[in-house]
Amino acid sequence: MANEIRGSRLRRAASITGVAAGVAAREASARVITKTGDSDARRAAANRQQLKSAQALVKVFAGMRGAAMKVGQTLSAVDLGLVPEEIRPEFQEILATLQQGADPVPFRAIRKVVEEDLEAAIPDVFASFDETPLAAASIGQVHRARLHDGREVVVKVQYPGIAEAIHADMQNLRLGLKLLASIAPGIDTGAIADEIRERIAEELDYELEASNQRAMARVYRDHPFVVVPDVVMALCRERVIVMDFVDGRRFAEVRDLPAADRDRLGEILCRFYINGPMRHRLLNGDPHPGNALYLDDGRVAFLDFGFFKRLGDREVEHLVRSNVATYRGDADGLLDLIVELGALPPDPQLAQPFYESYHAIFGWLMVDEHTTADPSTTAEMMRRYTQMRGQEGFDELVLPAEHFVMMRSVMLLIGLLGQLGATNRWLDISREWMFGDEPVTELGRQEAAFFAGRHDYTTPAVDAGSRA
């Protein structure tokens, strides 16, 4: 199986090349119609081309495991403004098929990985082990099992040979990103590739991920509305994670719930991915639709802790101060903070462009009225950030990891909230970590009572008169 995964790179490259050629041909055809037909025909031709290009993207990214598939899943989770509004729902529905994961590998290959890493036969470790996977993701798949003590677990197993295949696939990824650039020339595909190169080693280290999940599970044990499954550390290895089994609905199954239920779930997502790190200093940067299960009792179980950052008090302080400056409209103060971090030179001309980019990403958390999350705002976030990076003076911008991971988390989160159609006064939630205010929502009060005495939640001193 490992040889099959490694050996298929050239076949996948040929497939991508063929898909790219098809996209180019459709674009040429659309241009001919644009020049010769009426406006309605031109728009219809362009729409058909873009929908076919979306299907091509799905074909490419679904056929590539690991990092490349994660790019496709990210595209399915956020709205980057790739297509006109009238076909946006259909376009996103096509991309949404990537959220279902990859095709599973045969169980014989999975058995070999488990037994090699655990250095024991499966029957010696597990009382039962379901050969049919519960889910297949970008670099591994998940099987349900039961330990000999009766504990129900799931076993996350890395695909054999996937580490080698991913590194070999970087060339294919570049081809795939060129295809994406032909559909959406405004997207900074170079930045996407750089992110993947920097993070892929962590994604492949299941022992690191297990330790991340264990730390998060300790923080949220017995929480009123958040569940993080415990891991069985004695059975976790570089390619295997064993954790408690949690049964719940997938994201697609809760998107049609009544508005009040979706609003509640939206607040839970916001509290876990944004408020949580400011309190317990553990930042999970991957709010993907497949990384949560929605339990019948109203709780949400969070999974997958490969894209992760442990924060120090100083890092949290900088994040809070940066957002407070953004909330106040203080472009010069925000630049001073970024200069203090060594990310930009002290050039006053950089203040306004950086502020506009930062506000485009975090500003929705600071709106003091009930607002329904809009997934199309991710297009503006990407446009502003790409535009800023293209300006003189920003070519050497290197934000600290906590800012980068938080920005990514916020962009993916607004995509999720937008798909839910969740409404809230988001500033009410943000005030808790920006200013240390008491919570005003019922979920906030429940969470504050739970964390009372568990974590020392501190924020920098702020002038009370400037909070309004």
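**Figure 1. Surroundings of Glu209 in helix 11 of the predicted model.** Glu209 belongs to helix 11, which covers residues 206-220. The residue is buried, its relative accessible area being 2%. Apart from neighbours within four places in sequence, Glu209 contacts Lys156, Glu203, Ile241, Asp304, Phe305 and Gly306. Cys236 stands 27 residues from Glu209 in sequence, and the two C-alpha atoms are 9.6 Å apart.

**Figure 2. Asp304 and Arg281, two loop residues with positive phi.** Asp304, one of the contacts of Glu209, is placed in the loop that joins strand 9 to strand 10 (308-310). Its phi is positive, about 70 degrees, although Asp304 is not a glycine. With a relative accessibility of 16%, Asp304 counts as buried, because the cut-off for burial is under 20%. Arg281 occupies the loop between helix 13 and strand 7 (282-284). Arg281 is likewise a residue other than glycine, and its phi is positive, near 70 degrees. The relative accessibility of Arg281 is 10%, so this residue also counts as buried.

**Figure 3. The open sheet of strands 5, 9 and 8, with helix 13.** Three strands make up this open sheet, in the order 5-9-8 and with mixed pairing. Strand 5 (226-227) and strand 8 (292-294) are the edge strands, each pairing on one side only. Between strand 5 and strand 9 (residues 300-302) the pairing is parallel and extends over 2 bridges. Val227 has Ala301 of strand 9 as its bridge partner. Helix 13 (residues 259-280) packs on the sheet and touches strand 5, strand 8 and strand 9. The directions of helix 13 and strand 9 make an angle of about 35 degrees.

**Figure 4. Phe272 and the largest nonpolar core.** This core holds 79 residues, of which Phe272, Phe302, Phe354, Phe362 and Trp364 touch the most other members. Helix 18 supplies the largest share of the core, 10 residues. Beyond residues up to four places away in sequence, Phe272 touches Met216, Tyr220, Val226, Val228, Pro277, Asn284, Phe302 and Phe305. Another core, of 33 residues, lies apart from the largest one; Leu147, Tyr159, Tyr206 and Val240 are among its members.

**Figure 5. Helix 18 and its C-terminal glycine.** Helix 18 comprises 20 residues, 401-420. At 1.5 Å a residue the helix should span 28 Å, and the distance of 28 Å between its end C-alpha atoms agrees with this. Of the 20 residues, 18 are buried, so helix 18 is largely enclosed by the rest of the structure. Gly421, just after the helix, adopts a positive phi of about 70 degrees.

**Figure 6. Packing of helix 15.** In helix 15 (residues 331-340), the buried residues are Ala331, Gly333, Leu334, Leu335, Leu337 and Ile338. These buried residues pack against helix 14 (313-328), helix 16 (351-362) and helix 18. Gly342 follows helix 15 and has a positive phi, near 80 degrees.

**Figure 7. The chain as context for the close-up views.** The secondary structure comprises 20 helices and 12 strands. Of the 468 residues, 54% count as buried. Among contacts between residues at least 6 apart in sequence, 73% join residues at least 24 apart. The accessible surface comes to about 19800 Å², and 49% of that area belongs to carbon and sulfur atoms.

Key:
Residues numbered from 1 in each chain as written. Predicted model: local features only at pLDDT ≥ 70, side-chain atom pairs only at ≥ 80, totals over all residues. Heavy atoms only, no water. Helix = DSSP H or I, 4+ residues; strand = E, 2+ residues; numbered from the N terminus. Expected span 1.5 Å × (residues − 1). Buried < 20%, exposed > 50% of the residue type's maximum accessible area, 1.4 Å probe, protein only. Pairing = 2+ DSSP bridges. Contact = heavy atoms within 4.5 Å. Axes fitted to C-alpha atoms, helices over the stretch in contact; angles between N-to-C directions. Core = buried A, V, L, I, M, F, W, Y, C linked by side-chain atoms within 4.5 Å. Areas by Shrake-Rupley, 256 points an atom, 1.4 Å probe, with all protein chains shown as cover.
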